[in-house]
Amino acid sequence: MWFAGGGGGLRKLCRAFDNEITYNSLLVRYMSRERAVNVRKINPKVPIQEAYAISNSLYDLFKQHGPLSVPNTWLRAQEAGVSGLNSKTHMKLLLKWMRGKKMLKLICNQVGSSKKFFHTVLPEDPLQVQPAAPVEHHKQAFKKKRSK
């Protein structure tokens, strides 16, 4: 009598117990993770005007040379003579600050088990890429057809 119905109640009890274990392990995993860094609150370690001047010159480097890794960015910045950068660590801090200001984007290129990270510029205005004039012409042609 205890196992009436072919053991369906026992299966349900086992499933509920398994679900509880997975939920608990997910909760523990989620709570034990370290919080992500808020890149909007990064201190660039220089006055804001100087940080913007350095970031503009770095932005021009990325525009000219495309996606660059951190070591390549440091080499290009030294070749270009970017003033205001104290060290490679200071440049990394400014790159993180620029990502927080939505000037740069960090992309990951994974080949096998190795990953390479590159900084690249964000598109300035995605709406400018699409031509707006032909759309207006099409709407006017549609209105003319309806009015007849």
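A residue is called buried when its relative accessible area is under 20%, exposed when over 50%, and partly exposed in between, with a 1.4 Å probe and protein chains only. By that cut-off, buried residues make up 21% of the 148 residues in the protein chain.

The structure is a predicted model, in which local features need pLDDT of at least 70 and side-chain atom pairs count only at pLDDT 80 or more, while totals for chains, interfaces and linings use all residues. Residues are numbered from 1 along each chain as its sequence is written, and side-chain values use heavy atoms, with hydrogens and water left out.

**Exercise 1. State which secondary structure elements the chain has and in what order they run.**

Step 1. Helices (H or I, at least four residues) and strands (E, at least two) are taken as DSSP runs, numbered from the N terminus.

Step 2. The protein chain has six helices and two strands.

Step 3. Read from the N terminus, the order is α-α-α-α-β-β-α-α.

Step 4. Contact means heavy atoms within 4.5 Å. Of the contacts in the protein chain with a separation of 6 or more, 52% are between residues 24 or more positions apart.

Step 5. The exposed surface of the protein chain is about 12,300 Å², and carbon and sulfur atoms supply 57% of it. This area comes from the Shrake-Rupley method with a 1.4 Å probe; for residues, only the protein chains shown count as cover.

**Exercise 2. Describe how H4 packs against H2 and against H3.**

Step 1. Axes are lines fitted to C-alpha atoms, for helices over the stretch in contact, and angles run from 0 to 180 degrees between N-to-C directions. Angles under 35 degrees count as roughly parallel, over 145 as roughly antiparallel, 65 to 115 as roughly perpendicular and the rest as oblique.

Step 2. The axes of H2 (residues 48-65) and H4 (residues 88-100) cross at roughly 85° and come within 11 Å. H2 is therefore roughly perpendicular to H4.

Step 3. On the H2 side the contact is made by Ala-51, Tyr-52, Ile-54, Ser-55, Leu-58, Tyr-59 and Phe-62, and on the H4 side by Met-91, Leu-94, Leu-95, Trp-97 and Met-98. Sorted by class, the contact of H2 with H4 has 11 nonpolar, one polar and no charged residues. Here Ala, Val, Leu, Ile, Met, Phe, Trp, Tyr, Cys and Pro count as nonpolar, Asp, Glu, Lys and Arg as charged, and the others, Gly among them, as polar.

Step 4. H3 and H4 have axes 11 Å apart and an angle of about 110°, so they too are roughly perpendicular to each other.

Step 5. Val-70, Pro-71, Thr-73 and Trp-74 of H3 meet Lys-88, Met-91, Lys-92 and Leu-95 of H4. The contact of H3 with H4 has five nonpolar, one polar and two charged residues.

**Exercise 3. Work out the surroundings of His-119, starting from its place in the chain.**

Step 1. His-119 is in strand E2 (residues 114-121).

Step 2. Its relative accessible area is 3%, so His-119 is buried.

Step 3. Neighbours within four places in sequence aside, His-119 contacts Phe-62, Gly-66, Pro-67, Leu-68, Val-70, Leu-95, Arg-99, Leu-104, Lys-105 and Leu-106.

Step 4. The side chains of His-119 and Arg-99 make a polar contact of 3.0 Å. A polar contact is a pair of N or O atoms within 3.5 Å; within protein, one must be able to donate a hydrogen and the other to accept it, and residues adjacent in sequence count only if both atoms are side-chain atoms.

Step 5. Thr-73 is 46 residues from His-119 along the chain, with 8.7 Å between their C-alpha atoms.

**Exercise 4. Decide whether Ser-69 is buried or exposed, and name its partners.**

Step 1. Ser-69 lies in the loop between H2 and H3 (70-80).

Step 2. With a relative accessible area of 14%, Ser-69 is buried.

Step 3. Its side chain joins that of Asn-72 in a polar contact of 3.3 Å.

Step 4. Not counting residues up to four places away in sequence, Ser-69 touches Phe-117 and Phe-118.

**Exercise 5. Place Lys-45 and Lys-102, and give their phi angles.**

Step 1. Most residues other than glycine have a negative phi.

Step 2. Lys-45, in the loop between H1 (8-32) and H2, has a positive phi of about 65°. Lys-45 is exposed, at 61% relative accessibility.

Step 3. Lys-102, in the loop between H4 and strand E1 (104-111), has a positive phi of about 60°. Lys-102 is exposed, with a relative accessible area of 62%.
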